[in-house]
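Q: Please take a close look at one part of this protein, the open sheet and what packs against it. I would like one connected account.

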Amino acid sequence: MKHRWHALGIAVVLLVLVGAWFLSAYEQVATKVWVGPTAAARANPYLAAMRFAERLSLRTRIVTGDRSLGELDPQAALLLTNQRTGLAPEKLRTLDRWIHNGGHAIVEPEPVGEIDTLLDRYGIVRSVPKAVAKEPTQALVLTGSPAPIVVSRATGPDLKFNKHSPDIAASDDTGPGVFSIPIGAGRLTVVPGMPHRFQNRTIGQHDNAELLRRILGFTPIVRELVVLRIPQALPLWGWLGEHALPTLAASVLLLLLGLMR
């Protein structure tokens, strides 16, 4: 009986020593686990940019389709991505009036070979970028800003301005940059490669969020950020790939399992 108590005591001592060693050798720390985007983020690739704008005390909203263009606040900034061939001519005129009245349109150019009636309206010509032998520095220096900011690499067309000259510009030594032109009381800012810098997965990288903040500051007063999406401009496969990719993958898997049976 006495040996049994001795063995139990030794076991307790060993357990205490092992526990003390474990607590001294390891510590409990918080760690981040990727859980995937939320349903709202999957539906809106610029949700993080909108949340960032809200931290800058701006109102934000997303507009699907072009019916609300006539209701835009002249002291708003409009984020307009490419794939906008569904923008009707009368809505282009509405957008032009809004810019002349003080609105700020932040636009991604269409790829070379695609129709871009918005940039054509302001005499902005797109061309295939020249091949370069060296890697881009990723550092952009905005007009009037002494310090460069480092942004994600992006691809986009070269731009030539025939009607209006940019008064604010930024570019690295090889890649596309940012160009902003005054139009009436408002402004048109062209950002090639916008998804590589302002979408949910990229706006938190490098100084991409700082670039968006500075672009929003190109106009003296901005109270709202509006993201305009025109789903009619997407082809069927493009729309399915953007909105129904998990459903398509599950359907293909079920079809394959059914064929195997």
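A: What follows describes the sheet, its helices and the nonpolar core, with a note on confidence and on two loop residues.

The model is predicted, with a mean pLDDT of 80 for the protein, and 77% of the residues reach 70 or more. Confidence is highest in strand β3 (residues 104-107), at a mean of 94, and lowest in helix α8 (residues 236-243), at 58. Where pLDDT is low, the predicted coordinates should not be read in detail.

The sheet is open and has seven strands in the order β1-β11-β2-β3-β10-β9-β8, and the pairing is mixed. β1 (59-64) and β8 are the edge strands, each pairing on one side only. On average, neighbouring strands of the sheet are turned by 15 degrees against each other, direction ignored. At the β8 edge, β8 pairs with β9 (residues 178-183) in the antiparallel sense, over three bridges. Ala169 has Phe179 of β9 as its bridge partner.

Helix α4 (residues 89-100) packs on this sheet and touches β2, β3, β9 and β10 (186-190). The direction of α4 makes about 140 degrees with that of β2. Another helix, α7, lies across β2, β3, β9, β10 and β11. Relative to β3, α7 runs at about 145 degrees.

Now the nonpolar core. The largest one has 27 residues, and Ile106, Phe198 and Ile215 are those with the most contacts inside it. At least two residues each come from α3 (47-55), β2 (76-80), β8 (168-170), α7 (208-216) and β11 (224-229). The largest share, five residues, is supplied by α7. Leaving aside residues up to four places away in sequence, Ile215 touches His104, Ile106, Val178, Thr189, Val191 and Phe198. Apart from this core lies another, of 26 residues, including Trp98, Leu118, Ile124 and Ile183.

Two loop residues have an uncommon backbone angle. Most residues other than glycine have a negative phi. Ser57 is not a glycine, yet its phi is positive, about 70 degrees. Ser57 sits in the loop between α3 and β1, and is exposed, with a relative accessible area of 67%. His206, also not a glycine, has a positive phi of about 50 degrees. The place of His206 is the loop between α6 (195-198) and α7.

Definitions and conventions
Residues numbered from 1 in each chain as written. Predicted model: local features only at pLDDT ≥ 70, side-chain atom pairs only at ≥ 80, totals over all residues. Heavy atoms only, no water. Core = buried A, V, L, I, M, F, W, Y, C linked by side-chain atoms within 4.5 Å. Buried < 20%, exposed > 50% of the residue type's maximum accessible area, 1.4 Å probe, protein only. Helix = DSSP H or I, 4+ residues; strand = E, 2+ residues; numbered from the N terminus. Contact = heavy atoms within 4.5 Å. pLDDT = per-residue confidence, 0-100. Pairing = 2+ DSSP bridges. Axes fitted to C-alpha atoms, helices over the stretch in contact; angles between N-to-C directions.
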